[in-house]
Amino acid sequence: MIELGDLLAAGGRLVAPAAARSFGDFSYDSRLTKPGDLFLALRTARGDGHAYITDALAAGAAGVVCVETPPDLPGATVIAADDPALLAARWAATRLQRVAPHVVAVTGSVGKTSVTRAIAAVLAGLGPTFRSRRSFNSFLGLPVALARLHDQHRFAVLEFGTEQPGEIDRLATLFPPHTAVVTSAGAMRLSTFGSTTCLAREFGALVARLPVGGYAVLNGDDPHVAALRGLRPVQSLTFGVGERCDLRAEAWHYRLDATEIRLSYRGQRVDIFVPLLGELAIGAALAAAGVALACGMNLAEAAARLALLEPPAGRMRPHPARGGAIVIDDSIGAEPPAMLAALRTLAALPARRRIAVLGDLPASSLDAGDGNDAHVLAGTLAARVADYLIWSGDGGAHAVRVARRMRPDVPVHVVHTITAALEALPPDLGEGDLVLVCGGPAARLERLVAALLAPPVDAATALVRQDRGWRAVRVADPGRPTWARIDLDAISGNVRALRALAGVPLMAVLKADAYGHGAVRSARAALTGGATALAVATLGEARILREAGIGAPLLVLGYTPPWQVREAARLGVMLTICEHDAVRACMVVAETGLPVTVHVEVDTGMARTGVSVDNLGPLLRWLAGLPGVRVEGLYTHFAAADAADPANAEAQLRRFQHVLTALTSAGLRPPLVHAANSAALLRFPGARFDMVRPGIACFGLAPSSCVTLPPALRPALSFHTEVAQVRELPQGRPVSYGGAFVTARHSRIATIPVGYADGLRRAPPWREVLVRGRRAPIVGRICMDYAMVDVTDVPGVKRGDPVTLIGAQCDDRITADEVASWLGTINYEVVATILPRVPREVGEDLI
């Protein structure tokens, strides 16, 4: 219980007569606030909690700690503080000092949470024990956790985080430990700490805070941690599997429900049963047993308590899955060492098939600079261990490249959404299969586990990140407060629907970085949706796909100069041929032993590129006589398939059909004939031939207002930013460059960090955005990096509010077609000119 008097003693200032004098818990997220909580209005880099005070009170908060006092909060206790987080920390430090439990502080690179749980389970045999919940281990998290510390607690097991230099020392000063546990000092967060040695020095700050008579329990297998033993003249114990460790695991055996371990300490051996799985269980059991010994228990007593340990959600926890398979849920958030440990555990378990579903590792855990090495290490081990590998995220390109090289026979997939991961799993998933699901928190792989669970497992209680607040959390940092959100499942679904409508194979066109949607991810989504081939405009675009490990048939539709033919052949990319110099270049390359595959484009009315109808026959005969040059396809391109009057397109189609009849009679018809772009696919069934070639429709956009999209197709892109600043301007104030707009009344003008260098067109100008679910006009000239929005008629707009430029917000929507009408262009240009500095964020539904 949090008492008002203690908060005031810690430095809080009561603003008005108190409505409540005690509070059940701290809260800092209005979405998770419970009746009776004390809401901390925190100001962070991500937002200002003062904007959510009303929401917290509506959820039942009995009081508020804030910097700026709201004008009227009837029925609530309002406490002013210069820094609400610091006030909570001071209160928690005093509270801990008053209760005076034996404090066990746990820190390290990996395994902190599991070790904390194991220690608490053991110490509960000696008396009431408090432990940090979840991963509340920071300057804010620990005080929030300590709100549940009770007077009867004899032990407090606290997890100390390692996010920033100096944080452990700060926490140890506030919450002095009697026993310090250091799990490891692995190579992680080196961009923050500089080196493993510096990281170990951070952990040493915890040992240095131990009192005389304190105890250090250290991982003896980690030389950086073991070296902390002599840092301070306190009692110490090392644990691990090495011969020099005081407390050793001599042998172990993994079972799906537990790990059996033989512990050895000073000649005594005890067999223990820990209901945790894998290497994590060994480290947690050793650390907990070490603390037990430090607190006066013997090994047998510690073993009995460890058998009662409740497995944590999301950390190597097995669950029954569909078809009788077992899913091992390690989705809580793997650091590189934890992922490697999970794979080694998978290898040690008996199974019909071992299936590894891995997600990108957290950026904070990767070495400074290039994080590819960690992903490659994971891919290397996965190739040795798994019979089936699925990687979710961009890091998969590096991991699967090495996996395919090591084990070409192993099915390997790179996906970006949970739906795609589910579709990539073996269709005959069943009894005897083990599915390891492991990745960083941004991968959100707990959603995959939820989809795989078999009754009676309840996802809400068995899995991590199931509370309401996580539904709106953007775990990954996109690098900018302006971003495009790409629904890859929409792309897959669109391709699937178009393929079913066409009734023939589909080549997905991904020109211009997939019309601004991101070519690599879109390519994988299209292939998941059933595309059998891909097309791009340039060899450079093709190279990007090949370097990402995409091996599907790939056609360059645009002009390829003769000097690029050799590289195209080396990459296994098909080229478009429509003139003699290109044919000669193909002939020269083929003579070196590199086979060249081509499609010939014939001009039937576009008058852009393509061989003429009259010259087509001789060109095909020449190509047919060239060894090493294979003509796989023939195509044409419609000039007006999306026009209101179909006459032009129908004439082109008749011309192309006449050409095909003549070629067939002469024995020159290539195996694949294609003509239908998006509009022709949807409007002219006779143009579908052997394959269709849609582009814009794959992304849920209509080729023109004259073409009706099937209802199953949905837009895949939305475009977002947020409010950077809100200013009150008097009547008559010019806004932006040139003062072209002048306020006609007292106005509230919001600045948004997006401009014409991002694709927000300056002239003709982008007209409106959505903020707080309402339309607001852009005013003044759009700048390179900013635009100004008149939010005078939108109440309550504040810094950090989401702003939608394309997409839905509440009950309104701005479409790419509407934007195109403002700009005097087409939706193709609107999405394709959202420039590369705008991050593309994967989303499975549109905001």
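The paragraphs below lead through the cores, one helix, one sheet and one histidine of this predicted model. Residues are numbered from 1 along each chain as its sequence is written, and side-chain values use heavy atoms, with hydrogens and water left out. Because the model is predicted, local features need pLDDT of at least 70 and side-chain atom pairs count only at pLDDT 80 or more, whereas totals for chains, interfaces and linings use all residues.

The largest nonpolar core, a set of buried Ala, Val, Leu, Ile, Met, Phe, Trp, Tyr and Cys residues joined through side-chain atoms within 4.5 Å, has 125 residues. Here buried means under 20% relative accessible area, exposed over 50% and partly exposed in between, with a 1.4 Å probe and protein chains only. Leu-534, Leu-545, Val-600, Leu-616 and Trp-766 have the most contacts inside this core. Contact means heavy atoms within 4.5 Å, and, leaving aside residues up to four places away in sequence, Trp-766 touches residues including Phe-719, Ile-778, Leu-805, Trp-822 and Val-830. A second, separate core of 76 residues includes Ala-118, Tyr-215, Leu-346 and Val-412.

Val-412 also belongs to a sheet, where it is the bridge partner, in strand 21, of Leu-389. Helices (H or I, at least four residues) and strands (E, at least two) are DSSP runs numbered from the N terminus, and two strands pair if DSSP finds at least two bridges between them. This open sheet has 6 strands in the order 17-18-22-19-20-21, with mixed pairing, and its edge strands, strand 17 (317-320) and strand 21 (412-415), each pair on one side only. Strand 20 (residues 388-392) runs parallel to strand 21, and 4 bridges join them.

Helix 10 (residues 279-294) has 16 residues and reaches 23 Å from its first C-alpha to its last, close to the 22 Å expected at 1.5 Å a residue, the expected span being 1.5 Å times one less than the number of residues. Of its 16 residues 13 are buried, so helix 10 is largely enclosed by the rest of the structure. Just after this helix, Gly-296 takes a positive phi of about 100 degrees.

His-599, finally, lies in strand 28 (residues 596-601) and is buried, with a relative accessible area of 0%. Its side chain is joined to that of Glu-632 by a polar contact of 3.0 Å, a term for a pair of N or O atoms within 3.5 Å of which, within protein, one must be able to donate a hydrogen and the other to accept it, residues adjacent in sequence counting only if both atoms are side-chain atoms.
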